Each structure stands twice: as C-alpha cells, then as structure tokens.
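Below is a colleague's note on a single model, set out point by point for a reader who has the coordinates open. Please read each point against the structure itself.

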Amino acid sequence: MKIAVPTQGDRGLRDKVADTFSRAPYFTIVTVENGIITGKKVIQNKASGVKQGAGPLASRTLKENGVDVLLSVEIGPGATSILEAFGIRIGGASQDERVREAVERFLVQL
C-alpha cells in the first residue's frame with residue numbers, strides 16, 4: 001500500500017504535515033507492507049504554484065505515483081471527488097503532526 005501525505009518540506013518521515021492538500025509544497029509517499037513502513041519517497045507537488053486547478057493536478061500526481069491512501073488536514077470538495085473517482089482512500093491527519101505519526105496512527109485504525 002502507498003500512503004501519501006502533503007508536507008511542508010522534503011524531509012520524509014520526519015517532516016510535518018502541511019495544512020492543505022493541493023497547495024502543499026511536497027508529498028511524502030510511504031510504502032507499507034504487512035503494516036510496516038518499508039520505504040518512502042518525496043516528490044514536489046507540481047500543483048503548489050498554479051493559480052487554478054491545483055486540486056485536479058495534485059490528485060493526478062498521486063494517481064500517477066500509485067497512491068492508495070491520502071492522509072491530509074484539509075481537502076476541497078472538487079479534489080475529494082477526483083480522489084474518490086481515482087479510487088484513492090482519504091484519511092485525516094493533524095497539522096504539524098509528523099508524517100511517521102500520521103501514517104502509524106492510520107495503520108492502527110485499519
């Protein structure tokens with residue numbers, strides 16, 4: 001399973017969760033196998049600087065990277081619809097929470 005978290009920086013599991021989805025500077029994508037974090041990669045969010053259409057562009061980026069789950073603080077209704085259409089499950093995260101904490105909390109809830 002691949003879990004994406006919008007982040008403020010590019011420090012991976014140690015980074016803090018960004019306060020928004022589509023305009024976050026980065027996404028940390030965490031690979032989980034059998035409930036254990038086995039890998040991570042950080043990608044720039046191409047949508048962070050666009051004036052319009054950030055939600056669809058950010059959603060497509062996650063789809064292209066094989067993401068199964070998005071953990072985020074806030075997601076707009078348009079992006080939510082697109083993520084659902086792509087089959088990407090949406091879960092919550094707390095602002096300023098570390099990526100590792102958000103992912104581990106999500107995994108406990110499964």
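The points that follow go from the sheet to the cores and then to a few individual residues.

1. Status of the model. The structure is a predicted model, and every statement in this note should be read with that in mind.

2. The sheet as a whole. Five strands form an open sheet in the order β3-β2-β1-β4-β5, and the pairing within this sheet is mixed. The edges are taken by β3 (36–44) and β5, each of which has a single partner strand, so one side of each is left without a neighbour in the sheet. On average, and with direction ignored, neighbouring strands of this sheet are turned by 25 degrees against each other.

3. The neighbours of β4. Strand β1 (residues 2–7) runs parallel to β4 and is joined to β4 by two bridges, with A4 having L70 as its bridge partner in β4. On the other pairing, β4 and strand β5 (residues 89–92) are parallel as well, here over four bridges. Within this pairing V69 stands opposite R89, L70 opposite I90 and L71 opposite G91. L70 is therefore a residue to inspect from both pairings, being the partner of A4 and standing opposite I90, as the bridge definition allows for paired strands.

4. The connection from β4 to β5. How does the chain get from β4 to β5, and is the crossover right-handed or left-handed? The path leads from β4 through helix α2 (residues 77–85) to β5, and the resulting β-α-β crossover is right-handed.

5. The two faces of β4. In strand β4 (residues 69–72), V69 and L71 point one way, whereas L70 and S72 point the other way, and all of these residues are buried. Two of them can be followed into the nonpolar cores: L70 belongs to the largest core, while L71 is among the members of another core that lies apart from the largest one.

6. The nonpolar cores. The largest nonpolar core has 15 residues, and the members that touch the most others are F21, L62, L70 and L83. The elements contributing two or more residues to this core are β2 (26–33), α1 (54–64) and α2, and the largest share, three residues, comes from α1. Apart from this core lies another of 14 residues, which includes L13, L71, A102 and V103. As background, nonpolar side chains tend to be buried together in soluble globular proteins.

7. The aromatic pair. A search of the whole structure finds one aromatic pair. The ring centres of F21 and F27 are 5.7 Å apart and the ring planes stand at 40 degrees, so the pair is classed as tilted. Both F21 and F27 are buried, and F21 is also one of the residues that touch the most other members of the largest nonpolar core.

8. K63 and I88. K63 lies in helix α1, and because its relative accessibility is 44%, K63 counts as partly exposed. I88, by contrast, has its place in the loop between α2 and β5 and is buried, with a relative accessible area of 3%. The two residues are 25 apart in sequence, with their C-alpha atoms 7.7 Å apart in space. When residues up to four places away in sequence are not counted, K63 touches F86 and I88, and the C-alpha atoms of K63 and F86, which are 23 residues apart along the chain, are separated by 6.8 Å. On the same basis of counting, I88 touches S59, L62, K63, V67, D68, V69, L70 and L83.

9. N65. This residue, N65, sits in the loop between α1 and β4. Is N65 buried or exposed? Its relative accessibility is 17%, so N65 counts as buried, the cut-off for that class being under 20%. With neighbours within four places in sequence left aside, N65 is in contact with K2, I29, K41 and I43.

10. N34. The loop between β2 and β3 is the place of N34, which is exposed, with a relative accessible area of 81%. N34 has a positive phi of about 55 degrees although it is not a glycine, and a reviewer may wish to look at the backbone of N34 with that value in view.

Conventions. Residues are numbered from 1 along each chain as its sequence is written. This is a predicted model: local features need pLDDT of at least 70, side-chain atom pairs count only at pLDDT 80 or more; totals for chains, interfaces and linings use all residues. Side-chain values use heavy atoms; hydrogens and water are left out. Buried means under 20% relative accessible area, exposed over 50%, partly exposed in between (1.4 Å probe, protein chains only). A crossover is right-handed if, with the strands pointing away from the viewer, the path from the first strand over the helix to the second runs clockwise. Rings of Phe, Tyr and Trp (its six-membered ring) pair if their centres lie within 6.5 Å; planes under 30 degrees apart count as stacked, over 60 as edge-to-face and the rest as tilted. A nonpolar core is a set of buried Ala, Val, Leu, Ile, Met, Phe, Trp, Tyr and Cys residues joined through side-chain atoms within 4.5 Å. Contact means heavy atoms within 4.5 Å. Axes are lines fitted to C-alpha atoms, for helices over the stretch in contact, and angles run from 0 to 180 degrees between N-to-C directions.
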